[in-house]
There are 2 protein chains.
Amino acid sequence: MPDREGVVAAAKPSFDETFRAKLNELFAWRRDVREFRKDPIGAAVIEGLVRTASLSPSVGFSQPWRFVRVDDAARRAAVIASFERANADALGDYSGDDAARYASLKLAGLREAPVHLAVCADTQTHVGKGLGRRTMPDMLVYSAAMAVYTFWLAARAEGIGVGWVSILDPVEVHDALSLPPEWQLIAYLCVGYPNDAFATPELQRAGWESRDPRATEVYRR
Amino acid sequence: MPDREGVVAAAKPSFDETFRAKLNELFAWRRDVREFRKDPIGAAVIEGLVRTASLSPSVGFSQPWRFVRVDDAARRAAVIASFERANADALGDYSGDDAARYASLKLAGLREAPVHLAVCADTQTHVGKGLGRRTMPDMLVYSAAMAVYTFWLAARAEGIGVGWVSILDPVEVHDALSLPPEWQLIAYLCVGYPNDAFATPELQRAGWESRDPRATEVYRR
């Protein structure tokens, strides 16, 4: 009778060229979405995506991500107000063409997206017994960021778009959501069916920024 | 004649149930690998994986990740020494069963892995013009962490294992690699063909930690 590891070993998957090509398409077409349809997304869909996200890597198997679905209208309004203040402040940093271009960008789909999700890192979790984060404590927030990305990729594979809103005051959002003090806000996500699909980032299409050759370079030491 | 966006739009992919099932297998079987075969990995393979990683999301399209391949024996030895010191220090934090178990864990494959990769975040990049990181400056390091994860998933889909070593002094490693001061070390990766494949994390198999139910919970607000 096979032991547990034997059972696991029997199911080892392999990934073929067809899958890899499709995976590359997923990476290329995963976009930060700011234009959503208002169609609702069922609670079970979000629960399934969070279960998938829980397969993400985490330092010392600490699994520090906490997904918070925000439905309350007053809380959502407070988040939107925080975004609008931060966006107006950010506009003040630019001048000339950049200011005009910044003002023309649609940087969040908070009003249309049917689902709002805050993702936090539990900075006080004892899970994992601190392994691997003694000298690099930020490993905990990196782990939460990777969980956001797993959610994002899995959502896109179901035709669901995700937009990560970072133009907001994380303290204001933390307060608006009455989050536990030890939960650090990593991401505020808009989730919904996108109006359209693109392989190039919106900021590239809008002429804000282009591909940086340093991002594909393999430096040597 | 279709414009550029028209061409892109014509190629919109869809992802079916077969792909999604395989993608879930990839998430489940992507492991932090510490047992490597010594078979070399060609430079073109690593270059291809870094190109794939460059498709990762980044705040304001800043693309701040910098991949550094470390081949120099003296530099590798310095990294291994840093790991060994940090690992010995960490052992001192545990007592009793935890200490015995920690001492028995193999936490890095630095000596066997044919490829060592440092991944940094360029904290001074002007790319993206600061968009999206005014109130959440850590978005830059989250972006680099997601690039590590894209590399990891793409590698696993090619049968290549990745181990993320965080038990080291990032300042010592930064010095050992003569990295530019503005490049913040996010990850030090061991890359190579794994000795075996598993769907459960090594720390779970070793009895160090188990699944945390909070990691699959959808909290409500």
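Q: Why are α3(B) and α6(B) called oblique to each other?
A: Their axes cross at roughly 130° and come within 8 Å. Angles under 35 degrees count as roughly parallel, over 145 as roughly antiparallel, 65 to 115 as roughly perpendicular and the rest as oblique. The crossing angle falls in that remainder, so α3(B) and α6(B) are oblique. Axes here are lines fitted to C-alpha atoms, for helices over the stretch in contact, and angles run from 0 to 180 degrees between N-to-C directions. The model is predicted: local features need pLDDT of at least 70, side-chain atom pairs count only at pLDDT 80 or more, and totals for chains, interfaces and linings use all residues. Residues are numbered from 1 along each chain as its sequence is written, while chains are lettered from A and ligands numbered from 1 in the order in which they are written.

Q: Which residues make the contact of α3(B) with α6(B)?
A: B:L49, B:V50, B:T52 and B:A53 of α3(B) meet B:A147, B:T150, B:F151, B:A154 and B:A155 of α6(B). Contact requires C-beta atoms, placed from the backbone, within 7 Å. The residues divide into 7 nonpolar, 2 polar and no charged. Ala, Val, Leu, Ile, Met, Phe, Trp, Tyr, Cys and Pro count as nonpolar; Asp, Glu, Lys and Arg as charged; the others, Gly among them, as polar.

Q: What makes α6(A) and α2(B) roughly antiparallel?
A: Helix α6 (residues 139-157) of chain A packs against helix α2 (residues 17-29) of chain B at about 165°, with axes 10 Å apart. That angle is in the roughly antiparallel range, so the pair earns the name. A:T150, A:A154 and A:A157 of α6(A) make the contact with B:F19, B:R20, B:L23 and B:F27 of α2(B). By class, that contact has 5 nonpolar, 1 polar and 1 charged residues.

Q: What makes β5 of chain A a partner of β1(B)?
A: Two strands pair if DSSP finds at least two bridges between them. Strand β5 (residues 218-220) of chain A and β1(B) share 3 bridges, in the parallel sense. A:R220 has B:R69 as its bridge partner in β1(B). β1(B) also pairs with β2 (residues 115-122) of chain B, in the antiparallel sense over 6 bridges.

Q: Why are β5 of chain A and β3 of chain B called edge strands?
A: Each pairs on one side only. The open sheet of 5 strands runs β5(A)-β1(B)-β2(B)-β4(B)-β3(B), with mixed pairing. Its twist averages 35° from one strand to the next.

Q: How do you know that the two chains are related by a two-fold axis?
A: Chain B can be laid on chain A with an RMSD of 0.0 Å by a turn of 180° and a shift of 0.0 Å along the axis. That is the relation of a two-fold axis. The superposition is by least squares on the C-alpha atoms of residues with pLDDT of at least 70 in both.

Q: Why can the copies be said to meet through the same surface?
A: 100% of the interface residues of chain B are also interface residues in chain A, so the surface is the same. In all, 87 residues of chain B are in contact with 87 residues of chain A. α2(B) gives the most to the chain B side, with 10 residues. By class, that side has 47 nonpolar, 15 polar and 25 charged residues.

Terms used: Helix = DSSP H or I, 4+ residues; strand = E, 2+ residues; numbered from the N terminus. Contact = placed C-beta atoms within 7 Å.
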